[in-house]
Amino acid sequence: MSKLRVAVVYGGRSGEHEVSIRSAQAIMAALNTENYEVIPYLIGKDGKWDPKPILPEPGANEGIDVVFPVLHGTFGEDGTIQGLFEMADLAYVGPGVFGSAASMDKEHFKRLSVERGLPVVEYAIVHTGNPHKAVDWDTTLTQIVERFGLPVFVKPCNLGSSVGVAKAHTVEELQAAILDAGRYDLKVLVERAIVGQEVECAVLGNYRPQASTPCEILPSKEFYDYDDKYLLDQAKTVIPPNLSEEKIEEVQRLAIECFQAMDCSGMARVDFLIEKATGNIYINEINTIPGFTSISMYPKMWEHAGCPFEMLVGMLISLALERHSLRRALRYER
């Protein structure tokens, strides 16, 4: 049998460029040479492809059987690259255009979650990028503090890996955090700070998704930020989390519900906050291209479930081919 030709696309115009490279290296190492031929495509921070871009033209990609996008954040996890693959009629790993875009934009993710009855933390949106209307800081800051109190979390609406995320304890910190997050996106999300446990759950599948045993994150800092995730190597993880069996089952149920509400396929990691004071479970966000580095929890959770890294990568490729086959059977004309 001939080898399956897998194009691994990584890097990208994103604040998570370096993390993407590390994830891609792990995935390419897991694609054994007996079954797969790896075709790497590195996208630079300037958007240039090396060796060359995949042509967005059906039939022009005879050398590629499936694409494995390992592009975290902007221009990779937000539906843009998925649109390119759809135009080129290429099978690809992970959710499609809508699922990627809906999951990436934190405002629309929250709106869809509320519509489906899923528990999310109360939030407000600040439009920092409107060139025709400057932010009324006195009113904005006052309304946020009156509604949520302090501290609050501030995040760019379209980014990941905790880039641009801050916890604001004072009004001055709040304004500074909004301005900083506004460097990464035109919309900034502000939400009530939850004191409690940080839990993650991996989801795998297309039309019958399964949830892994969740894991608990024990940050070494006040919250699980970029440095704690990728640089300090001091955060700890626990599988299974320190939760009752009933709570674990509820996290798994909500993870699958969230996955389906966002119209996801293939893979996603759903992050939760368990409030200490009330015991309430909140969905924090969903990541459609989770990390695959040596310390990333998505593959670790499936490894705990008996699915090692190499098998997981193979399953994701199979799911991509399955979805592509079903979509190719659709008609686009009368």
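Strands here are DSSP runs of at least two residues, numbered from the N terminus. With that in hand, load the predicted model and let's walk through it.

**Stop one: Asp-271.** Select residues 266-275, which form strand S13, and pick out Asp-271 within that strand. The UniProt record, an unreviewed entry, lists Asp-271 together with Glu-285 under "binding site". Is Asp-271 buried or exposed? Its relative accessible area is 8%, and because the cut-off for buried is under 20%, Asp-271 counts as buried. Now show its contacts, skipping neighbours within four places in sequence: you will find Val-199, Glu-200, Tyr-282, Ile-283, Asn-284, Glu-285 and Asn-287.

**Stop two: Glu-285.** Glu-285 is already among those contacts, so to speak a ready-made next click. Select 281-287 to see strand S14, where Glu-285 sits. Glu-285 is buried too, at 13% relative accessibility. With the neighbours within four places again left aside, Glu-285 touches Lys-106, Phe-109, Lys-155, Arg-269, Val-270 and Asp-271. Of the two listed positions, Glu-285 belongs to the lining of the second largest cavity.

**Stop three: the second largest pocket.** Next, move to an open space of about 350 Å³, the second largest pocket. Which residues lie nearest its centre? Select Ile-125, Val-126, His-127, Val-135 and Thr-140, out of 14 lining residues. Then colour strand S5 (123-127) and helix H5 (137-148), each of which gives at least two residues to this lining. H5 supplies the largest share, five residues. Colouring the lining by class should give you six nonpolar, five polar and three charged residues.

Note on methods
Residues numbered from 1 in each chain as written. Predicted model: local features only at pLDDT ≥ 70, side-chain atom pairs only at ≥ 80, totals over all residues. Heavy atoms only, no water. UniProt positions renumbered as here; feature names shortened; annotations may be inferred. 1 Å grid on protein atoms, 1.4 Å probe; cavity = no way out; pocket = protein on both sides within 12 Å on 5 of 7 lines; lining within 4 Å. Helix = DSSP H or I, 4+ residues; strand = E, 2+ residues; numbered from the N terminus. Buried < 20%, exposed > 50% of the residue type's maximum accessible area, 1.4 Å probe, protein only. Contact = heavy atoms within 4.5 Å. Points joined across faces, edges and corners; volume = space filled by probe spheres on them. Nonpolar A, V, L, I, M, F, W, Y, C, P; charged D, E, K, R; others polar.
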